[in-house]
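Reader: I'd like a close look at one part of this protein, the aromatic cluster, with enough of the surroundings to place it. Could you walk me through it in one go?

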Amino acid sequence: MKRARDGTAKDKEQLIKVVLASVSEIKLNSCWAAFRECFVGCRVQVVGVKGIDSNVNDQPMGMDETIQGARNRLVGLLARPDVRGADFAVSIENGVVKVGSYNFDIGFCVIRDLATGLEALVPSAGVPVSDEVVG
């Protein structure tokens with residue numbers, strides 16, 4: 001894939017294929033919207049892959065466990081045949097992060113450019129959650 005310095009593809013009709021370690025409609029739509037924003041004018045296809053384990057607790061607590069869950073999902077995704085022919089692989093893990101006396105649901109997204117191997121780790125904005133929800 002040929003890219004200009006601003007991240008857009010040089011061929012505006014180019015297909016950007018992304019594999020995502022989830023079949024969640026929210027995650028699929030968010031991933032699609034983000035890549036459409038980055039690759040203006042290109043076609044973006046996001047393929048969800050089911051059954052990729054995070055190998056952390058069902059409700060990750062803290063940034064370290066949440067990031068580890070996202071990284072584990074990416075490793076699991078990369079081992080699947082679904083990544084063949086894709087340009088990017090993406091995993092997303094949400095967890096509860098305590099800041100002072102507040103709890104926030106924060107997502108961490110790991111994005112790997114499959115052509116270069118470059119990887120980015122990106123946090124979401126935090127959404128406050130009550131102590132009752134956290135348990």
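To set the scene, what percentage of the 135 residues of the protein chain count as buried? After that, please zoom in on the aromatic pairs.

Author: Happy to. Keep in mind that this is a predicted model. Of the chain's 135 residues, 36% count as buried.

Here's the overall layout before we zoom in. The chain has 3 helices and 6 strands, and along the sequence they run β-α-β-α-β-β-β-β-α. The C-alpha atoms fill a box of roughly 50 × 30 × 25 Å along the principal axes. The radius of gyration is 16 Å, which agrees with the value near 14 Å that a compact globule of 135 residues would have. If you take the contacts between residues at least 6 apart in sequence, 57% of them join residues at least 24 apart. As for the outside, the accessible surface comes to about 8,000 Å², and carbon and sulfur atoms account for 54% of that. On the charge side, there are 16 positive and 17 negative charges, with their mean positions 9 Å apart.

Now for the rings. Searching the whole structure turns up 3 aromatic pairs. One of them is Phe 35 with Phe 88, a tilted pair with 5.1 Å centre to centre and 55° between the planes. Phe 35 sits in helix α1 (residues 25-38) and Phe 88 in strand β3 (residues 88-99), so this pair ties together parts that are 53 residues apart in sequence. Both of these phenylalanines, Phe 35 and Phe 88, are buried.

Phe 88 has another ring to deal with as well. The ring centres of Phe 39 and Phe 88 are 5.7 Å apart and their planes make an angle of 50°, so that pair counts as tilted. Here too distant parts of the chain are linked: Phe 39 belongs to the loop between α1 and β2 (43-48), Phe 88 to strand β3, and they are 49 residues apart. Phe 39 and Phe 88 are both buried. Put together, Phe 35, Phe 39 and Phe 88 form one aromatic cluster.

What else touches this cluster? Ile 111 is a good residue to follow. Its place is in strand β4 (residues 102-113), and beyond its neighbours within four places in sequence it is in contact with Phe 35, Phe 88, Ala 89, Val 90, Leu 118, Glu 119 and Ala 120. So two members of the cluster, Phe 35 and Phe 88, appear in that contact list. Unlike those buried rings, Ile 111 is partly exposed, with a relative accessible area of 23%. Ile 111 is also 8.3 Å from Leu 74, C-alpha to C-alpha, with their positions 37 residues apart in sequence.

For contrast, let's step over to the loop between β2 and α2 (62-78), where Ser 54 lies. Ser 54 counts as buried at 6% relative accessibility. Leaving out neighbours within four places, Ser 54 is in contact with Gln 68, Gly 69, Asn 72, Arg 73 and Glu 93. Asn 55, in that loop between β2 and α2 as well, is exposed, with a relative accessible area of 60%. If you're checking backbone torsions, note that Asn 55 has a positive phi of about 55° although it is not a glycine.

Pro 60 lies in the loop between β2 and α2 too, and at 0% relative accessibility it counts as buried. Setting aside neighbours within four places, Pro 60 is in contact with Glu 65, Thr 66, Glu 93, Asn 94, Gly 95 and Val 96. Glu 93 shows up in the contact lists of both Ser 54 and Pro 60. The C-alpha atoms of Pro 60 and Gly 41 are 37 Å apart in space, with 19 residues separating them in sequence.

One last stop is Val 127, in strand β6 (residues 127-129). Val 127 counts as partly exposed at 49% relative accessibility. Not counting residues up to four places away, Val 127 touches Asn 103, Phe 104 and Asp 105. Its C-alpha atom is 25 Å from that of Val 46, which is 81 residues away along the chain.

Note on methods:
Residues are numbered from 1 along each chain as its sequence is written. This is a predicted model: local features need pLDDT of at least 70, side-chain atom pairs count only at pLDDT 80 or more; totals for chains, interfaces and linings use all residues. Side-chain values use heavy atoms; hydrogens and water are left out. Rings of Phe, Tyr and Trp (its six-membered ring) pair if their centres lie within 6.5 Å; planes under 30 degrees apart count as stacked, over 60 as edge-to-face and the rest as tilted. Helices (H or I, at least four residues) and strands (E, at least two) are DSSP runs, numbered from the N terminus. Buried means under 20% relative accessible area, exposed over 50%, partly exposed in between (1.4 Å probe, protein chains only). The radius of gyration is taken over C-alpha atoms; the globule rule is 2.2 Å times the number of residues to the power 0.38. Contact means heavy atoms within 4.5 Å. Accessible areas come from the Shrake-Rupley method with a 1.4 Å probe; for residues, only the protein chains shown count as cover. Lys and Arg count as positive and Asp and Glu as negative; His and the chain ends are not counted. The place of a charge is taken as NZ of Lys, CZ of Arg, CG of Asp or CD of Glu.
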